[in-house]
Amino acid sequence: MQAPATPFFRTDLFVPRYRPLQSGAWRLSVTATCLSPGYWSGPTLAVGMAALARDGASWMSTTPLEVESQETGIRAASGHVLIFGLGLGWAAAATACRPAVERVTVVEADSDLLALHRELDVFGQLPEPARSKLSVVEGDAYRYEPDDAVDLLMPDIWLPLISDGRVDEVRRMQANVRARSVYFWGQELEIARHAIAAGRALAADDIAATAAEFGLPLAGLDSPDYPQRLGAAARRWIRGRWLPGSPQPW
């Protein structure tokens, strides 16, 4: 019997085209085809995958993992969206394409990455209505205070998918921003780690109780399939990085 062919990764979110480029310690490369697992889905083939590395360490890519790990926040976006961390710029571009989004402000601290994007001009690929929503400013995610009310804060400034203290770091950002809702990178894994440590399962009520303890108005929790996606991401990516004293749920 012939094994089933691996499917290609597909998303209806906007993903720009990229070209190899370098600026300071940052290097952008493009791979024709790559087999990659998703954040919550199985392995698929990604075509034209872009990867952004700094001093040889991968910071961001357009793999299924990266796309799916931002998808919930992008789909929940409306009004004024504040994004901390420019990365490849695809999340900001995809957010600007959402009809409910009126304005996207991106805050990036690294001048070499900002220079790379000035040459790359990812946002130039967008249709004018989406492009006109975007602005990029140089600033520190832990100090930045917006000049207008923010409907969704989306921080993505971390190199690893899981890092201790992330919830506290997001609280520091939110204290300055006071956004109506927040979606941070790796949110599902942090909810899972804290829920299991508190003796909870990963059902909708357990997720809501854990999020309430974060003291953050987390976005996406009301998605019908959120518990299933959160559980799938946790099983795949936590890999022993549970909080100290937590039982091993799988």
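Reader: Which strands does helix α3 (residues 111-120) lie across?

Author: Helix α3 lies across β1, β2 and β3, and runs at about 145° to β1. This is a predicted model: local features need pLDDT of at least 70, side-chain atom pairs count only at pLDDT 80 or more, and totals for chains, interfaces and linings use all residues. Residues are numbered from 1 along each chain as its sequence is written, and side-chain values use heavy atoms, without hydrogens and water.

Reader: How are helices, strands and their angles defined?

Author: Helices (H or I, at least four residues) and strands (E, at least two) are DSSP runs numbered from the N terminus. Axes are lines fitted to C-alpha atoms, for helices over the stretch in contact (heavy atoms within 4.5 Å), and angles run from 0 to 180 degrees between N-to-C directions.

Reader: What is the order of the strands in the sheet?

Author: Two strands pair if DSSP finds at least two bridges between them. Here the open sheet of 4 strands has the order β1-β2-β3-β4, with antiparallel pairing. β1 (21-23) and β4 each have a single partner strand, so one side of each has no neighbour in the sheet.

Reader: Why do the buried residues of α7 line one face of the helix?

Author: An α-helix has 3.6 residues a turn, so residues three or four places apart point the same way. In helix α7 (residues 204-214), Asp206, Ile207, Thr210, Ala211 and Phe214 are buried (under 20% relative accessible area, exposed being over 50% and partly exposed in between; 1.4 Å probe, protein chains only). Seen down the axis of α7, these buried residues fall within an arc of 130°, so they line one face; the arc is that of the directions from the helix axis to the C-beta atoms. Asp205 and Ala212, on the other side of α7, are exposed.
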